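Thanks for coming, everyone. I would like to spend a few minutes on the surroundings of a ligand, so please have a look at the model first.

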Amino acid sequence: MSRTVYVNGVFLPEHDAKISIFDRGFIFADGIYEVSAVMAGKLLDNDAHLKRLERSLGEIGMPMPMPAEEIVKIQKELIARNDIVEGTVYLQVTRGAADRDFPFPPADTMQTLVMFTQKRDFTNSPAARAGIRMATVRDIRWERRDIKSVALLAQVLAKQAAAEKGCQEAIMHTADGVVTEGGSSTIFIVTANGELVTRPLSNEVLPGITRQSLKLLCDERGVPFIERAFTVDEALAAPEVFVTSAGSFVTAVVEIDGKRIGGGQPGPVARRLREIYLDEAVKAGV
Ligand code: PMP
């Protein structure tokens, strides 16, 4: 069955949705995106996603296409029209369609706003049950990874390389083996003392919304949440490794480059944090 999608003020069947070939999102990847998860028909962490949208847009000289409350109305309409109980709502804002030229287009150029849903079965996913395998890949991205840019070619290549090795996610790292992020996730290790370790926020990583929510939950519960860089070797030796993202919540990593992490099964810390995150996020969902 065809989905209903949203394009520039109109809800329409996906096959009727059209964007100009001159759209700067298509030509230059001149745009920003966000993905919010839906569980039990509710949007999770959505305020934070829309705040990050506003920040990313601001960093590239674009305003919000409409107030956040209006965006939420459209997201909810799409969830209702497409019967989404578990899934995601994707949204993308570009600098609009204009004759191809690098500098910003004339000020009256209309931004493009596109939104669509994807159905997912989060509750019964194999990743939730059994964890995921990761493969290491050099991080070849630009210096503003804090901006949620639609320019994702480096991640496409990283995740394809991982997929070709039978893995569900890439661990991106620098030339000297320092971990930056997952291909589309924040990565954590759990130390022998039960501390969570993840990279501090900077221009080198996307400020993950799931990371931010998990940090709050850890602070409330007295779980040590340490923000420092770590290496691939440290991850290989860690009792547990897990990733977070809007599409994976908290997901245990059971293998890196073919080497087992912990016992090769989702560990107790990742399992517990997934439960806590989902309980709280659904409770607070809208
Ligand atoms: N890092 C990268 C590179 C990502 O693409 C994502 C997912 N968009 C994340 C981290 C996780 O962010 P969030 O928790 O906001 O989904």
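Which helices and strands each supply at least two residues of the shell around the ligand? They are helix H2 (46–59), strand S9, helix H6 (209–221) and strand S13 (240–245), where helices (H or I, at least four residues) and strands (E, at least two) are DSSP runs numbered from the N terminus.

Before going further, please keep in mind that this is a predicted model, in which local features need pLDDT of at least 70 and side-chain atom pairs count only at pLDDT 80 or more, while totals for chains, interfaces and linings use all residues. Residues are numbered from 1 along each chain as its sequence is written, and side-chain values use heavy atoms, with hydrogens and water left out.

The shell holds 18 residues, meaning those with a heavy atom within 4 Å of the ligand, and the closest are Lys148, Glu181, Ile209, Thr210 and Ala246. Domain 1 (4–119) and domain 2 (126–284) both contribute to this shell, so the ligand lies between them; the domain bounds come from an automatic or database domain assignment.

As for polar contacts, which are pairs of N or O atoms within 3.5 Å, an N or O atom in the side chain of Lys148 is 2.4 Å from a nitrogen atom of the ligand. On the backbone side, an N or O atom of Ile209 lies 2.8 Å from a ligand oxygen atom, and a polar backbone atom of Ala246 is 2.8 Å from an oxygen atom of the ligand. Of the 390 Å² of accessible area that the ligand has on its own, the protein covers 94%, by the Shrake-Rupley method with a 1.4 Å probe.

Conventions. Polar contact = N/O pair within 3.5 Å; in protein donor to acceptor, adjacent residues only side chain to side chain.
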